[in-house]
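Here is a short tour for anyone who likes to see how a ligand, a helix and a few unusual backbone angles fit into one picture. Keep the viewer open and follow along.

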Amino acid sequence: MLLEKIETLLKEVSELKASNAEELEQLRLKYLSKKGEISLLMNDFRSVPADQKKVVGMKINELKQTATQKINDLREQFAEAEATSDNIDLTRSAYPISLGTRHPLTIVTNEIIDIFQRMGFTLTTGPEIDDDLHVFTKLNFAADHPARDMQDTFFIEQSKLNDVTKNILLRSHTSGDQSHYMEKHEAPIRIICPGRVYRNEAISARAHCFFHQVEGLYVDKNVSFTDLKQVLLTFAREMFGEDTKIRLRPSYFPFTEPSAEMDISCHICGGKGCGFCKHTGWVEILGCGMVDPNVLEACGIDSKVYTGYAFGMGVERITNLKYRVSDLRMFSENDTRFLKEFEAAN
Ligand code: PHE
């Protein structure tokens with residue numbers, strides 16, 4: 001009789017369930033307290049014949065252990081559930097979360113864009129993967145221009161669509177954005193286009209296979225070289241300070257005529273001459289010129305009515321001047337110790 005009762009209880013406790021801590025406490029009282037089921041069994045145990053005491057005693061022990069174990073398990077489950085619920089200690093001090101910083105090239109690009117937007121330029125961007133038509137042909141590059149060579153430009157593949165063969169490539173300058181924009185928009189046009197460009201160069205402290213440029217284009221009636229010079233002077237002063245001087249040297253680009261390269265007085269030595277400016281007092285920061293009429297025509301703009309200027313500047317060079325970064329590779333290594341240095345400029 002007693003053994004049967006114990007078996008029934010054993011089955012009961014191994015299936016115990018409680019949905020909250022209070023229910024659990026009730027179960028503990030019911031089975032394990034001094035007046036609980038198991039203690040009551042001890043009273044019956046006294047009247048068990050001596051030869052059965054061992055078997056019955058062991059069974060009672062098993063029951064007690066099972067009940068204790070079960071109740072402890074349930075208690076642990078509640079503790080876990082409570083820790084992940086909204087019962088959170090809000091007074092505990094927080095773990096420090098380290099915030100990221102803007103990349104120096106982003107900081108400088110944003111600054112350049114901001115200056116030109118204040119002068120009425122509209123922000124736009126073109127594709128990094130482009131074709132030779134937009135990057136070279138429409139920009140008046142001769143068929144045998146060295147930039148069309150695999151050694152200078154990364155060519156990806158040839159695609160053939162409606163019998164037209166296109167060479168797909170990674171753009172080697174942002175000037176391709178000019179042809180894309182002029183194709184789709186009528187003059188007057190006044191745009192600024194930042195972006196990454198790629199050239200097939202060996203990576204060193206002074207050269208990289210990708211870098212960043214900001215392109216500018218203005219097409220309207222009666223646009224002259226004077227307008228270009230004034231806009232660039234204003235930009236240089238906004239970027240590097242009121243005392244900054246500019247100088248324009250004659251140069252050549254297939255898509256501008258006349259063309260020039262612009263130097264600014266060295267921001268590092270103030271024009272006196274230092275290692276950075278190779279002791280000349282001047283640093284080149286951009287190429288520019290009047291848009292070649294062939295380019296306007298190739299992009300569907302009447303060159304008898306409209307004229308325009310364009311310029312393209314290197315963001316790394318400008319960032320180096322502002323922040324004196326000596327090795328170009330640092331811009332793409334993502335070493336957080338380097339990036340953290342720009343925290344204050346964010
Ligand atoms: N695209 C030229 C370069 O990559 C820069 C440039 C842009 C020159 C616009 C003139 C006009 O060097």
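What distance separates the centres of domain 1 and domain 2, taken over C-alpha atoms? The answer is 82 Å.

## Two domains

This is a predicted model, so please read every value below as computed from it. The protein is divided into domain 1, residues 2-83, and domain 2, residues 104-345.

Between helices α4 (53-84) and α5 (104-118) runs a loop that holds arginine 92. Arginine 92 counts as exposed because its relative accessibility is 55%, and the cut-off for that label is over 50%. Its side chain is joined to that of tyrosine 95 by a polar contact of 3.0 Å. For a sense of scale, try drawing a line from arginine 92 to valine 219: the two are 127 residues apart along the chain, and their C-alpha atoms are separated by 62 Å.

## Around the ligand

Now zoom in on the ligand. The shell around it has 13 residues, of which His173, Ser175, Arg199, Gln213 and Gly312 come nearest. By residue class, the shell divides into five nonpolar, six polar and two charged residues. Strands β6 (210-220), β9 (282-291) and β10 (307-314) each supply at least two residues of this shell. The largest share, three residues, comes from β10.

Three side chains are worth picking out by their polar atoms. Serine 175 places a polar side-chain atom 2.9 Å from a nitrogen atom of the ligand. For glutamine 213, a polar side-chain atom lies 2.9 Å from an oxygen atom of the ligand. In the side chain of arginine 199, an N or O atom is 3.0 Å from a ligand oxygen atom. Of the 330 Å² that the ligand exposes when taken alone, the protein buries 89%.

## Helix α7 and its surroundings

Why can helix α7 be called largely enclosed by the rest of the structure? Seven of its nine residues are buried, so the rest of the structure largely encloses α7. The buried ones are Gly176, Asp177, Gln178, Ser179, His180, Tyr181 and Met182. They pack against β2 (129-131), α6, β5 (189-198), β6, α9 (293-298) and β10. Two of these partners, β6 and β10, also supply residues to the shell around the ligand.

Glutamine 178 is a good residue to click on here; it is found in α7, which spans residues 176-184. Glutamine 178 counts as buried because its relative accessibility is 1%, and buried means under 20%. Its side chain makes a polar contact of 2.6 Å with the side chain of glutamate 215. Beyond residues up to four places away in sequence, glutamine 178 touches Leu139, Glu215, Gly216, Leu217 and Ala310.

On the α6 side, look for histidine 134, which lies in that helix (residues 132-135). Histidine 134 is buried too, with a relative accessible area of 7%. Leaving aside neighbours within four places in sequence, histidine 134 is in contact with Leu139, Gly176, Ser179, His180 and Glu183.

## Backbone points to check

Most residues other than glycine have a negative phi, and most peptide bonds are trans. Which peptide bonds here are cis? One runs from alanine 187 to proline 188, with omega near 0 degrees, and proline 188 lies in the loop between α7 and β5. Another runs from glutamate 257 to proline 258, with omega near -5 degrees. Proline 258 lies in strand β8, residues 256-265.

Positive phi values turn up as well. Asparagine 140 has a phi near 70 degrees and sits in the loop between α6 and β3 (155-161). At 26% relative accessibility, asparagine 140 counts as partly exposed. Asparagine 334 takes a positive phi of about 60 degrees, in the loop between α11 (330-333) and α12 (336-340). Arginine 324, just after α10, has a positive phi of about 55 degrees. Helix α10 itself spans residues 315-323, and its buried residues are Val315, Glu316, Ile318, Thr319, Asn320 and Leu321.

Conventions. Residues are numbered from 1 along each chain as its sequence is written. This is a predicted model: local features need pLDDT of at least 70, side-chain atom pairs count only at pLDDT 80 or more; totals for chains, interfaces and linings use all residues. Side-chain values use heavy atoms; hydrogens and water are left out. A residue is near a molecule or strand if one of its heavy atoms lies within 4 Å of it. A polar contact is a pair of N or O atoms within 3.5 Å; within protein, one must be able to donate a hydrogen and the other to accept it, and residues adjacent in sequence count only if both atoms are side-chain atoms. Accessible areas come from the Shrake-Rupley method with a 1.4 Å probe; for residues, only the protein chains shown count as cover. Helices (H or I, at least four residues) and strands (E, at least two) are DSSP runs, numbered from the N terminus. Ala, Val, Leu, Ile, Met, Phe, Trp, Tyr, Cys and Pro count as nonpolar, Asp, Glu, Lys and Arg as charged, and the others, Gly among them, as polar. Domain bounds come from an automatic or database domain assignment. Buried means under 20% relative accessible area, exposed over 50%, partly exposed in between (1.4 Å probe, protein chains only). Contact means heavy atoms within 4.5 Å.
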